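This report describes the packing of a single protein chain, beginning with one of its helices and then turning to the wider interior.

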Amino acid sequence: MSETPSEDLPRYPLILNPKAKSERGKRALNFVMQNATRFVIYATRSREESVELARELAKKGEPVVIAAGGDGTLNAVVEGLAGSRTILGVFPTGTMNVFAREMGIPFDQLKRAMEVIDAGEKKMVDLFTLNGAPFVQMAGVGFDAQVIEETTWQSKKRYGPLSYVMTGARLLRERPPKLTITTPDGQEHEGVFILVGNGSLYGGQFRFFGQADNADQLLDIVIFKESGYRMVLESLKGVARGGVDMQFPSDSMVYLQAATLRITADEPVPTEVDGELHDRATEINFARSDTKLEVFAPAEPLPSKWTDFLKMIRPW
Ligand SMILES: [Mg+2]
């Protein structure tokens, strides 16, 4: 139901992708249309257009820009706002909404996400880049980017999250790339697949980077060794069977923190930022942006229907 619009409430630029095919996307579009007096709506047709729009709005000195979409749209808007003082508002309408979950922004009711923006509480978040592409939540080199690359929309529509598991299980049987990772203090590690976290969550509510804090100026890095690759396959089989056991033996992966990172590969490897494919490269550099990103987020994460549900079904 729409709220009675008020003349007193500010009107925010809102960037959205009207082509969102999911039910959630359609509901989001309805909410935005019902509350159209609160927004200046910019419907974009491509990622590039979203980046450009956000960049122009920031350049014009807009105090706030709202990104309405999944983690992909969010990443595009973040790229456009990077380096500016424009505050990001988040309307999570995707399937995962990892960044919204990380920040405690309600991701099941847009009305409540709007309340967070109107309440005006903000947090400063670190921004990092992978070969120049900004990301706010996480990035990957190798396996997970390749899974994204090779999972089709049709498969996602048909099998849901299981489609990634299916692609993953197939890819893990292929020979992995050889990656050499160099930290700023000169440490070298060998690995086959690397995940990097700004925040702690990876893929939904899964707290993968146990020590991550998105305001400590450090990246949390997990390097999978070749033996770790086999463990990933085992875990994926577990996911497919309905049970997940992510207990990795310590010699199959390395967890470290660093402000920058350099990776070289023996062949071009796919990379992803915030779940969006970036490029294939044999040299990958992670760097920290000089400016942080300011985001509307509750001081205390609000309970959501989803966390209530989790509490109900989880014994711990
Ligand atoms: Mg950090």
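In this predicted model, the buried residues of helix 2 are S50, V51, A54, L57 and A58. Viewed down the helix axis, these buried residues lie within an arc of 135 degrees, so they line one face of helix 2. E48 and K59, on the other side of helix 2, are exposed. Helix 2 comprises 13 residues, 47-59, and spans 18 Å from its first C-alpha to its last, close to the 18 Å expected at 1.5 Å a residue. After helix 2 comes G61, which has a positive phi, near 85 degrees.

Which elements cover the buried residues of helix 2? The cover includes two strands and a helix, tabulated below.

| Element covering helix 2 | Residues |
|---|---|
| Strand 1 | 12-16 |
| Strand 3 | 64-69 |
| Helix 3 | 71-81 |

**The nonpolar core**

The largest nonpolar core contains 82 residues, and the members that touch the most others are A67, V77, V90 and I194. At least three residues of this core come from domain 1 (12-126 + 292-313), and at least three from domain 2 (130-288). In soluble globular proteins, nonpolar side chains tend to be buried together.

Which residues does I194 touch, leaving aside those up to four places away in sequence? The contacts of I194 are G140, V141, G142, L179, I181, I221, I223 and I263.

**The surroundings of V125**

Strand 5 (residues 122-125) includes V125. Why does V125 count as buried? The reason is that V125 has 21 C-beta neighbours inside 10 Å, where 20 or more suffice for a residue to be called buried. When residues up to four places away in sequence are set aside, V125 touches V136, N214, A215, K292, L293 and V295. V125 also lies 9.1 Å from G199, C-alpha to C-alpha, although the two are 74 residues apart in sequence.

**The chain as a whole**

The protein chain holds 10 helices and 16 strands. Of its 316 residues, 42% are buried. Among contacts between residues at least 6 apart in sequence, 72% join residues at least 24 apart.

Note on methods: Residues are numbered from 1 along each chain as its sequence is written. This is a predicted model: local features need pLDDT of at least 70, side-chain atom pairs count only at pLDDT 80 or more; totals for chains, interfaces and linings use all residues. A nonpolar core is a set of buried Ala, Val, Leu, Ile, Met, Phe, Trp, Tyr and Cys residues joined through C-beta atoms within 7 Å. A residue is buried if 20 or more other C-beta atoms lie within 10 Å of its own, exposed if 12 or fewer, and partly exposed in between; C-beta atoms are placed from the backbone. Domain bounds come from an automatic or database domain assignment. Two residues are in contact if their C-beta atoms, placed from the backbone, lie within 7 Å. Helices (H or I, at least four residues) and strands (E, at least two) are DSSP runs, numbered from the N terminus. The expected span of a helix is 1.5 Å times one less than its number of residues. The arc is that of the directions from the helix axis to the C-beta atoms.
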